[in-house]
Amino acid sequence: MDFDAIFTSQIETLKAEGNYRYFADLERRRGKFPRAANRHEGATRDVTVWCSNDYLGMGQHPDVVAAMCEAVHRSGTGAGGTRNISGTTHDHLLLEREIADLHRKDAALLFTSGYVSNWAALSTLGSRLPGCVILSDAGNHASMIEGIRHSRAQKVIWRHNDVADLEAKLRALPADVPKIVAFESVYSMDGDISPMRQIVEVAEKYGAMTYLDEVHAVGLYGPRGGGISEREGLAHRITLIEGTLGKAFGVVGGYIAGSAPLCDFIRSFASGFIFTTALPPAVAAAARASIMHLKASGFERARQRRQVAQVRARLDAQGIPHMSNESHIIPVLIKDPVKCRMLSDYLMDEWGIYVQPINYPTVPKGTERLRLTPSPMHTDADVDHLIAALTALWSQCALARAVA
């Protein structure tokens, strides 16, 4: 059997549909974020990145870089193995304490990524709580969906951000079964924010555990960067908070925070924790430095909010359609995968602007978009250049404009 022919055929179908993913060859430049070098067709060109999840540019902050370099010189590169065998270092323990403090929880547990922390925690809870039912928001991330599926627990999907539907589904379940309400704070593709207080109140009413994914909110919201749950004063009422070190904190890794028994339970039974090599201690040291900085500094968050508001207002002034939300994520709707790819290429080739197209299966077909994430490091001149480019391309490609 010609396996390569099967692989190639399916890849060609993706390309024909406009959903094939091309990777740009980028090299980030320390101290120059959001600038990057793009190697393309034998040449190197400078581009401005407008789609990074390093939302605050902390991946290049001097304190974070210095902490990583110090830890490498002190401890070397790798962790030496899984946490259970030889990979737990003092840097890991210090970071877990920092995360627990960030969320005002008793304990925290590190994972190699936010995807793994969701997958491991939900699969473990769902499989080891007898008769567990997991009620999952319809908009939840693929990592949460995979964790729930792997747990083989009963799954109930409630309409996205619809608290009345959640309550109806909780009411229909037996009172004596363990229930987990799993949802996110900021949904990464539409940028909408969950009605967290109402969700928590309904979950408490029916004795359900709350599982909150804060990956697109930690570092960005709340007086110390604890996320939407901190901003709303709800962290102490949420059973488990899951987050990432790879977005606003600018490093890599994932985590959960909760009670000491809960974190010990996941540590003891989650295969995604037990059988994988630990994060390098230098990564843990850098992440801790980032969290500590953002706990004390509101400058980055304030500057980011200013630039987000400016981009939204300028898009509105030009009639360029974007999804309205209260977060830092600005989805500019194209609604066609081929046009979305084409616009992304035009922006890169003609304007030196890097924005990856977001197509199916990341978003539903017909909702393809360019996802803008303004940072504190984007200058007003960068905003001018972005708006000029989008305005020109909207006319050049005869795209529909929003009606004021």
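Visitor: What amount of space, in Å³, lies in the largest cavity?
Guide: The model is predicted, so local features need pLDDT of at least 70 and side-chain atom pairs count only at pLDDT 80 or more, while totals for chains, interfaces and linings use all residues. Residues are numbered from 1 along each chain as its sequence is written, and side-chain values use heavy atoms, with hydrogens and water left out. A cavity is a set of points, on a 1 Å grid over the protein atoms alone, where a 1.4 Å probe fits but cannot get out; grid points are joined across faces, edges and corners, and the volume is the space filled by probe spheres set on the points. For the largest cavity, that space is about 70 Å³.

Visitor: How many cavities of 30 Å³ or more does a search of the whole structure find?
Guide: Rolling a probe the size of a water molecule over the atoms shows where empty space is left. The search covers the whole structure, and its count at 30 Å³ or more is 1.

Visitor: How many charged residues are in the lining of the largest cavity?
Guide: Lining residues have an atom within 4 Å of a point. They include Arg83, His92, Phe111, Thr112, Phe273 and Leu279. By class, Ala, Val, Leu, Ile, Met, Phe, Trp, Tyr, Cys and Pro are nonpolar, Asp, Glu, Lys and Arg are charged, and the others, Gly among them, are polar. The lining has 5 nonpolar and 4 polar residues, and the number of charged ones is 1.

Visitor: How many aromatic pairs are there?
Guide: Rings of Phe, Tyr and Trp (its six-membered ring) pair if their centres lie within 6.5 Å; planes under 30 degrees apart are stacked, over 60 edge-to-face, and the rest tilted. By this rule, the count is 3.

Visitor: What angle lies between the planes of Phe111 and Phe273?
Guide: The rings of Phe111 and Phe273 sit 5.8 Å apart, centre to centre. The pair counts as edge-to-face, and its angle is 75°.

Visitor: Phe111 and Phe273 are how many residues apart in sequence?
Guide: Helices (H or I, at least four residues) and strands (E, at least two) are DSSP runs, numbered from the N terminus. Phe111 is in strand β4 (residues 107-111) and Phe273 in helix α11 (residues 271-274), so the pair ties together parts of the chain. Both rings are buried (under 20% relative accessible area; exposed is over 50%, partly exposed in between; 1.4 Å probe, protein chains only), with Phe111 at 3% and Phe273 at 4%. The separation in sequence is 162 residues.

Visitor: Which helix holds Phe265 and Phe269?
Guide: Their ring centres are 5.2 Å apart and the planes meet at 55°, so this pair is tilted. Phe265 is partly exposed at 23%, and Phe269 is partly exposed at 39%. The two residues are 4 apart, about one helical turn, in helix α10.

Visitor: Which residue lies over the face of Phe269?
Guide: A charge sits over a ring if NZ of Lys or CZ of Arg is within 6 Å of the ring centre and within 35 degrees of the ring normal. Lys365 lies over Tyr360 in this way, at 4.8 Å from the ring centre. Over Phe269, at 3.8 Å from the ring centre, lies Arg128.

Visitor: How many disulfides does the structure hold?
Guide: A disulfide is a pair of cysteine sulfur atoms within 2.5 Å. For Cys132, the nearest cysteine sulfur is that of Cys263, 17 Å away. Cys132 is buried at 4% relative accessibility, and Cys263 is buried at 4% as well. The disulfide count is 0.

Visitor: Which residue does a cis peptide bond join to Phe33?
Guide: Most peptide bonds are trans. Here omega is about 10°. The partner sits in the loop between β1 (25-28) and β2 (35-40), and its name is Pro34.

Visitor: What is omega for the bond from Tyr360 to Pro361?
Guide: Pro361 is in the loop between β13 (357-358) and β14 (369-372). The bond is cis, with omega near 10°.

Visitor: Is Asn161 buried or exposed?
Guide: Phi of Asn161 is positive, near 60°. Its place is the loop between β6 and α7 (163-171). At 18% relative accessibility, Asn161 is buried.

Conventions
1 Å grid on protein atoms, 1.4 Å probe; cavity = no way out; pocket = protein on both sides within 12 Å on 5 of 7 lines; lining within 4 Å.
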